[in-house]
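Reader: I would be grateful for a close examination of one part of this predicted model, namely its largest pocket. Which residues line that pocket, and what surrounds them?

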Amino acid sequence: MDIQPKPATVKGPADWFTGDVWIDGIARGEEPSRVRVSAVRFTPSARTAWHSHAVGQTLYVTEGQGLVQSRGGHIQSIRAGDIVRTPADEVHWHGAAPDHFMTHLSITEAVPGDQRPDADWGEHVTDGEYNAR
């Protein structure tokens, strides 16, 4: 058994997020595990940029209300208790609803041998895209 102190909470990078987002790293598996788990807290209207994950992503919403969208799809509402599974290489975004905070656990995997990054980040979601519900 290994008990470690919680790493410091970090502000989400402006290249990846619009608005205020805070990230707590929870798990970063060591080979052979490649799992990465983070708690991500979004302030109202904060959101990710368009992005995809090499091995896909699972989100587990722990509190609040949010929004998710795959490129070309409809914006969908998410709430505490919802589980969102995004397949490998599907471009998408997620974030808080306009009038709610939202926290989710982000569960991803690295690519074996670090052949490519576990996430590919694109352009920011515009206010027009975010509000196109």
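Author: In this predicted model, 31 residues line the largest pocket, and those nearest its centre are Ile-23, Arg-28, Arg-36, Val-37 and Ser-38. Two or more lining residues come from each of the strands β3 (21-28), β4 (35-42), β6 (51-53), β11 (102-109) and β12 (119-121). Strand β3 contributes the most, with five residues. The pocket encloses about 710 Å³ of space, and its lining comprises 14 nonpolar, 11 polar and six charged residues.

Strands β3 and β4 are also joined by a charged pair. Asp-24 forms a salt bridge with Arg-41, with the closest N and O atoms 2.4 Å apart. Asp-24 belongs to β3 and Arg-41 to β4, so this pair ties together parts that are 17 residues apart in sequence. Asp-24 also forms a salt bridge with Lys-6, here with a closest N to O separation of 2.6 Å. Because Lys-6 lies in the segment before β1 (10-11) and Asp-24 in strand β3, that contact ties together parts 18 residues apart in sequence. Lys-6, Asp-24 and Arg-41 are thereby linked in a network of salt bridges.

The three members of this network differ in accessibility. Asp-24 has a relative accessibility of 7% and is therefore buried, the limit being under 20%. Lys-6, by contrast, is exposed at 55%, while Arg-41 is partly exposed at 35%.

How values were computed
Residues numbered from 1 in each chain as written. Predicted model: local features only at pLDDT ≥ 70, side-chain atom pairs only at ≥ 80, totals over all residues. Heavy atoms only, no water. 1 Å grid on protein atoms, 1.4 Å probe; cavity = no way out; pocket = protein on both sides within 12 Å on 5 of 7 lines; lining within 4 Å. Points joined across faces, edges and corners; volume = space filled by probe spheres on them. Helix = DSSP H or I, 4+ residues; strand = E, 2+ residues; numbered from the N terminus. Nonpolar A, V, L, I, M, F, W, Y, C, P; charged D, E, K, R; others polar. Salt bridge = Lys/Arg side-chain N within 4 Å of Asp/Glu carboxyl O. Buried < 20%, exposed > 50% of the residue type's maximum accessible area, 1.4 Å probe, protein only.
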